[in-house]
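Work through the exercises below with the sequence and the structure at hand. Try each task before reading its solution.

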Amino acid sequence: MEAKMSVGVYGMGRFGSFWAKELAKHGFSVVGYGRSAKTAPEGVRLGSEDEVLACSVLFFCVSISSFSEVLDRTSSRIADTTVVMDTCSVKLYPAKLMREKLPKQVQCIATHPMFGPDSGKNGVQGLPLVISAVRCEDSTLQFWVEEFKRWNLQVLQMSCDQHDREAAWSQGITHFIGRTLSELSLGDTELATTGYKTLLTVMQQTCNDPLQLFYDLQRYNPYARQMRMGLKGALDTVMDALKKQEEGR
């Protein structure tokens with residue numbers, strides 16, 4: 001890795017600030033930009049929008065639903081030599097946007113760090129990160145695969161379609177269950193079993209994330225509706241089985 005490669009983080013919300021701090025911890029010169037950002041995490045310097053867009057590498061840490069508008073506003077100011085990566089929790093949609101909206105000479109890679117400030121609060125070692133080439137040289141992709149492995153991340157190379165298909169039934173269903181449980185206003189009890197405490201943890205972690213993330217996961221993953229219908233069908237099956245038991249059939 002070249003000494004202090006400049007990395008820009010566009011979007012300094014909860015995840016963006018966390019990601020910028022991780023990049024700085026691993027030896028990069030990190031500049032962050034967020035419209036409402038007032039302070040930067042340790043090792044990160046706040047800069048102007050243009051300054052962040054001029055970095056050698058640019059990570060977009062914005063909501064899935066705002067990514068299209070952000071690219072429309074910034075793509076013409078991104079240098080031809082900049083490597084652009086998204087960090088969205090779905091992959092087909094942002095990959096399509098980067099192909100369509102970024103200049104053809106700009107290299108772009110789809111990534112999904114499958115962790116955040118909660119799951120990564122004690123370190124990111126061993127946590128999964130998905131990476132997929134969108135439009136880049138093999139050497140560029142390999143550089144970042146090796147870099148993330150140097151962090152001791154579990155680097156998963158897969159297509160954007162495979163990611164979304166599998167994520168709908170892992171991350172998507174987890175957020176759906178967590179938000180559903182929150183509607184029940186569950187709380188601590190002296191009778192809490194280990195299983196119940198696990199459910200509370202799922203609810204708390206998913207509800208710590210912005211509500212917009214939940215909506216975006218369900219809207220922009222093309223396999224999320226299939227997951228929800230499967231979940232509803234499974235619930236109906238269990239409810240019907242209980243009804244038959246109660247009726248003595």
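The exercises concern a predicted model, and they go from the sheet to a helix and then to charged side chains.

**Exercise 1. Find the order of the strands in the sheet and name its edge strands.**

Step 1. The open sheet has 8 strands, in the order β3-β2-β1-β4-β5-β6-β7-β8, with mixed pairing.
Step 2. β3 (44-46) and β8 (154-157) each pair on one side only, and they are the edge strands.
Step 3. On average, neighbouring strands of this sheet are turned by 25° against each other, direction ignored.

**Exercise 2. Describe how β4 is paired, and say which of its residues are buried.**

Step 1. β1 (residues 6-10) pairs with β4 in the parallel sense over 4 bridges. Here Tyr 10 is opposite Phe 60 of β4.
Step 2. β4 and β5 also run parallel and are joined by 4 bridges. Phe 59 stands opposite Met 85 in β5.
Step 3. Val 57 and Phe 59 lie on one side of β4, Leu 58 and Phe 60 on the other. All four are buried, and both faces of the strand are covered.
Step 4. One helix that lies across β4 (57-60) is α5 (residues 138-150), which also lies across β5, β6, β7 and β8. Helix α5 runs at about 170° to β7.

**Exercise 3. Is Leu 156 of β8 buried, exposed or partly exposed, and which residues does Leu 156 contact?**

Step 1. Leu 156 is in strand β8.
Step 2. The relative accessibility of Leu 156 is 25%; buried means under 20% and exposed over 50%, so Leu 156 counts as partly exposed.
Step 3. Apart from neighbours within four places in sequence, Leu 156 is in contact with Pro 128, Leu 129, Val 130 and Ile 131.

**Exercise 4. Locate the buried residues of α4 around the helix axis and name elements that cover them.**

Step 1. In α4 (residues 92-101), the buried residues include Pro 94, Ala 95, Leu 97 and Met 98.
Step 2. These residues cover an arc of only 160° around the axis, so they are on the same side of α4.
Step 3. Among the elements covering them are α3 (67-74), β5 (83-86), β6 (107-113), β7 (128-135) and α6 (160-182).

**Exercise 5. Decide which parts of the chain are linked by the salt bridges of Asp 209, Glu 49 and Glu 100.**

Step 1. Asp 209 forms a salt bridge with Arg 14, with 3.7 Å between the closest N and O atoms. Asp 209 is in the loop between α7 (194-208) and α8, and Arg 14 is in α1 (residues 14-25), so the pair ties together parts 195 residues apart in sequence.
Step 2. Glu 49 and Arg 77 meet in a salt bridge at 3.1 Å, N to O. Glu 49 is in α2 (residues 49-53) and Arg 77 in the loop between α3 and β5, 28 residues apart.
Step 3. Glu 100 forms a salt bridge with Lys 96 at 3.0 Å. Both are in α4, 4 residues apart, which means about one helical turn separates them.

**Exercise 6. What is the nearest side chain of opposite charge to Asp 216, and how far away is it?**

Step 1. Asp 216 belongs to α8 (residues 211-220) and is buried.
Step 2. The nearest side chain of opposite charge is Arg 219, 5.6 Å away.
Step 3. A salt bridge requires a separation within 4 Å, and Asp 216 has no salt bridge.
Step 4. Not counting residues up to four places away in sequence, Asp 216 touches Ser 63, Ile 64, Ser 65 and Asn 221.

How values were computed
Residues numbered from 1 in each chain as written. Predicted model: local features only at pLDDT ≥ 70, side-chain atom pairs only at ≥ 80, totals over all residues. Heavy atoms only, no water. Helix = DSSP H or I, 4+ residues; strand = E, 2+ residues; numbered from the N terminus. Buried < 20%, exposed > 50% of the residue type's maximum accessible area, 1.4 Å probe, protein only. Lys, Arg positive; Asp, Glu negative; His and termini not counted. Contact = heavy atoms within 4.5 Å. Arc of directions from axis to C-beta. Pairing = 2+ DSSP bridges. Axes fitted to C-alpha atoms, helices over the stretch in contact; angles between N-to-C directions.
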